[in-house]
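Me: I have a model open and keep meeting words such as "octahedral" and "buried". Could you show me how each label is earned?

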Amino acid sequence: MTRRSLSAAFAATAVIWGGASYADISPADIVWEDEIAIPASLTGTPGDPAAGAEAFSSRSIGNCLSCHVNSDMPEHDFQGDIGPPVDGAGARWSEAELRGIVSDAKRMFPDSMMPTFYNDNPDDYIRPGEAYTARAYNPETFSTLLTAQQVEDVVAYLMTLTDW
Ligand code: HEC
């Protein structure tokens, strides 16, 4: 095999179900700092703030608006008040802290109602399959609520929210 076709073959196999990639850091392999923050990107691909905004507001992706008021999205009605407004989140928290909060909020906020968006260890938390999506938990089909790249996109978006 030539060098070129080898790398093409690798690119083809790097994509697996659900848009995840072998380059992604799996939840179990995350290196945490002080148990609450994640300094390193989960994917190595910079987050896209526009895609993050879409994930933030979309009911079928992050559904963050159902719990958080966000003044950056006045076009969306019915913003929830279960959590604090995210206005200024990019000024209050570091990128590593936001990556930690979005991936596994219960480390920063024990007993939080905020879902764990990037953790696939059912022993660590109330399983989203039961508590959040209302689908029964099935280890064969279970996936994290957000993909690693969606976490990066949402973090990149939150970093743009510096006014409050
Ligand atoms: C079921 C409700 C719920 C959902 C859905 C939710 N959160 Fe939260 N979030 C909370 C609560 C409650 C807190 C406050 C922490 C605590 O529990 O004390 C919080 C805290 C936060 C904070 C820190 C707030 C601050 O003080 O600046 C950020 C940032 C955040 N959430 C982002 C998100 C993002 C991004 C999403 C979607 C991917 C999301 N949340 C989805 C409930 C939610």
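Me: What makes a residue count as one that surrounds the ligand?

Reply: A residue is near a molecule if one of its heavy atoms lies within 4 Å of it. In this model, 24 residues surround the ligand, and the closest are Cys64, Cys67, His68, Ser112 and Met114. Before we go on, note that this is a predicted model: local features need pLDDT of at least 70, side-chain atom pairs count only at pLDDT 80 or more, and totals for chains, interfaces and linings use all residues. Residues are numbered from 1 along each chain as its sequence is written, and side-chain values use heavy atoms, with hydrogens and water left out.

Me: Why are His68 and Met114 called donors of the iron atom?

Reply: Donors are N, O and S atoms within 2.8 Å of the metal (3.2 Å for Na, K and Ca), and water is not among the atoms, so sites may look incomplete. NE2 of His68 and SD of Met114 lie 2.0 to 2.2 Å from the iron atom of the ligand, so they meet the limit of 2.8 Å. This pair links distant parts of the chain, 46 residues apart. His68 is in the loop between helix H2 (49–57) and helix H3 (89–92), while Met114 is in the loop between helix H5 (105–108) and helix H6 (128–131).

Me: And what makes the iron site octahedral?

Reply: Six donors count as octahedral if opposite donors are over 155 degrees apart and all others between 65 and 115. The iron atom has 6 donor atoms with angles of 85 to 179 degrees among them, and its site is classed as octahedral. For comparison, ideal angles for six octahedral donors are 90 or 180 degrees.

Me: How do you know whether His68 and Met114 are buried or exposed?

Reply: Buried means under 20% relative accessible area, exposed over 50%, and partly exposed in between (1.4 Å probe, protein chains only). His68 has 14% relative accessibility, so it counts as buried. Met114 has 19%, so it is buried as well. Of the 164 residues of the protein, 37% count as buried.

Me: Which side chains make polar contacts with oxygen atoms of the ligand, and what makes them count?

Reply: A polar contact is a pair of N or O atoms within 3.5 Å; within protein, one must be able to donate a hydrogen and the other to accept it, and residues adjacent in sequence count only if both atoms are side-chain atoms. An N or O atom in the side chain of Arg92 is 2.8 Å from a ligand oxygen. For Trp93, a polar side-chain atom lies 2.7 Å from a ligand oxygen, and for Ser112 the distance from a side-chain N or O atom is 2.6 Å. The elements giving two or more residues to the shell around the ligand are helix H4 (95–103) and helix H7 (148–159). H4 provides the largest share, 3 residues.

Me: How many helices and strands are there, and what makes a stretch count as one?

Reply: Helices (H or I, at least four residues) and strands (E, at least two) are DSSP runs, numbered from the N terminus. The protein comes to 7 helices and 0 strands, with the pattern α-α-α-α-α-α-α along the sequence.

Me: Can we try the accessibility label elsewhere? Why is Ile38 given its label?

Reply: Ile38 is in the loop between H1 and H2. Its relative accessible area is 2%, so it is buried. Its C-alpha is 8.8 Å from that of Ser103, although the two are 65 residues apart in sequence. Ala37 lies in the loop between helix H1 (3–13) and H2 and, at 4%, is buried too.

Me: What label does Ser143 get, and why?

Reply: Ser143, in the loop between H6 and H7, has 48% relative accessibility and therefore counts as partly exposed.

Me: And why do Trp164 and Phe78 get their labels?

Reply: Trp164, in the segment after H7, reaches 70%, so it is exposed. Phe78 lies in the loop between H2 and H3 and, at 74%, counts as exposed. Phe78 also has a positive phi of about 55 degrees although it is not a glycine.

How values were computed. Four donors count as tetrahedral if all angles lie between 85 and 135 degrees; four count as square planar and six as octahedral if opposite donors are over 155 degrees apart and all others between 65 and 115; anything else is irregular.
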